[in-house]
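Visitor: Could you take me on a close look at a single part of this protein, the packing of its helices, and add whatever helps to place it? I work on computational chemistry, so numbers are welcome.

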Amino acid sequence: MVTNHAGFAPVNGLDMYFEIHGAGEPLVVLPGAYMTVELMGDLVPVLAKSHRVIAVEFQGHGHTADIDRPFSYEQFADDTAALLAQVGIARADVYGYSLGGGVALQLGLRHPGHVRKLAIASASYSSDGLYPEVISGIENVIPELFDRTPWREAYDRTAPDPSRFPTLVEKLKQLDITPFDWPIDELTAPVLILVGDSDGTQLEHAVDMFRRLGGGVFGDLAPELPVSQLAILPGTTHVGMLERAGWIASMVTTFLAT
């Protein structure tokens, strides 16, 4: 993957790592928990064929060193908005996966003037939208579960202080078990909702999200189709979404171009 530019932006007490790939209209890519830009796989280079992709790494993730501050979706959204201002981007489309999908929703809620369209993959607007076994699984996570996995290997390779991995695990656990429920009815940006049919987000929740954003009409008799869209990917788990770069990129680029 050819990187046009990589660097750090001083935002909100962080030196936040970002990469820029490709050319065209700006598209922000927000990875999931424990992830670096590299772990987004083929998606970034495919999206960079048609867009100027700005991919970031959140506090405590990858190249971005941790600071003495708890994790929150709201703070990560503010960090991302500040980074965009640093690199001179006033308004952009946003794609977020998992943790990044929640951050993307908060970007749309907290910084609506900076967001054109949102693509939300494997994320929810409420903690009630997750399967109960997701929460129970998170409560049992320990650092050793990541030994010899791509997530731990990427962290050890890129983190300024690899010994802080247990801190990353603990902060993410606290974030993940904290209840939330966001007023997505207040979003002004059109939203593409992407979820695997065997994802961590309940299908009923994804449909509810779509309905709350204007979906759920008989399109042939409606004056126009909803501006937001829903896609359920067959045979796809939460982690399996990372293997669907071709499907996702095609749907995202079509949605952004509409």
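Guide: Happily; here is a walk through the helices, followed by a few loop residues. Keep in mind throughout that this is a predicted model.

Let's begin with helix α7, which covers residues 203–212. Its buried residues are H205, A206, M209 and F210. Looking down the axis of α7, you would find these buried residues within an arc of 140°, so they line one face of the helix. What do they pack against? The buried residues of α7 pack against two strands, β7 (191–198) and β8 (229–237). If you turn to the face of α7 that points away from this buried side, you meet the exposed residues E204 and R211. After α7 comes G214, with a positive phi near 105°.

Next come two pairs of helices. Two packed helices are described by the angle between their axes and the distance between the axes, and that is how I will introduce each pair.

Take α2 and α3 to start with. Helix α2 spans residues 73–86 and helix α3 spans residues 99–110; they pack at an angle of about 70°, and their axes are 8 Å apart. Angles of 65 to 115 degrees count as roughly perpendicular, and that is why α2 is described as roughly perpendicular to α3. On the α2 side, the contact is made by Y73, E74, F76, A77, D78, T80 and A81. They meet L99, G102, V103, Q106, L107 and R110 in α3. Sorted by class, the residues in this contact of α2 with α3 are seven nonpolar, three polar and three charged.

Now for the other pair, α4 and α6. Helix α4 holds residues 132–139, helix α6 holds residues 165–177, and the two pack at an angle of about 150° with 9 Å between their axes. Because the cut-off for roughly antiparallel is over 145 degrees, α4 counts as roughly antiparallel to α6. As for handedness, α4 and α6 cross in a left-handed way. Which residues meet here? From α4 there are I135, I138 and E139, and from α6 there are K173, D176 and I177. The contact of α4 with α6 divides into three nonpolar and three charged residues, with no polar ones.

From the helices, we can move on to the loops. S122 sits in the loop between β6 (115–121) and α4, so following that loop is a way to approach the helix pair we just left. S122 is not a glycine, yet has a positive phi of about 55°. Is S122 buried or exposed? With 4% relative accessibility, S122 counts as buried.

Y34 is another non-glycine residue with a positive phi, here about 70°. Y34 lies in the loop between β3 (25–30) and α1 (43–47), and its relative accessible area of 13% makes it buried.

Our last stop is L242, in the loop between β8 and α8 (245–257). You will remember β8 as one of the strands that the buried residues of α7 pack against. L242 has 23% relative accessibility and so counts as partly exposed. Which residues does L242 touch, leaving aside its neighbours within four places in sequence? They are M35, L39 and Y97. L242 and L39 are 203 residues apart in sequence, while their C-alpha atoms are 8.4 Å apart in space.

Note on methods: Residues numbered from 1 in each chain as written. Predicted model: local features only at pLDDT ≥ 70, side-chain atom pairs only at ≥ 80, totals over all residues. Heavy atoms only, no water. Buried < 20%, exposed > 50% of the residue type's maximum accessible area, 1.4 Å probe, protein only. Helix = DSSP H or I, 4+ residues; strand = E, 2+ residues; numbered from the N terminus. Arc of directions from axis to C-beta. Contact = heavy atoms within 4.5 Å. Axes fitted to C-alpha atoms, helices over the stretch in contact; angles between N-to-C directions. Parallel < 35°, antiparallel > 145°, perpendicular 65-115°, else oblique. Left-handed = near helix turned anticlockwise from the far one by under 90°. Nonpolar A, V, L, I, M, F, W, Y, C, P; charged D, E, K, R; others polar.
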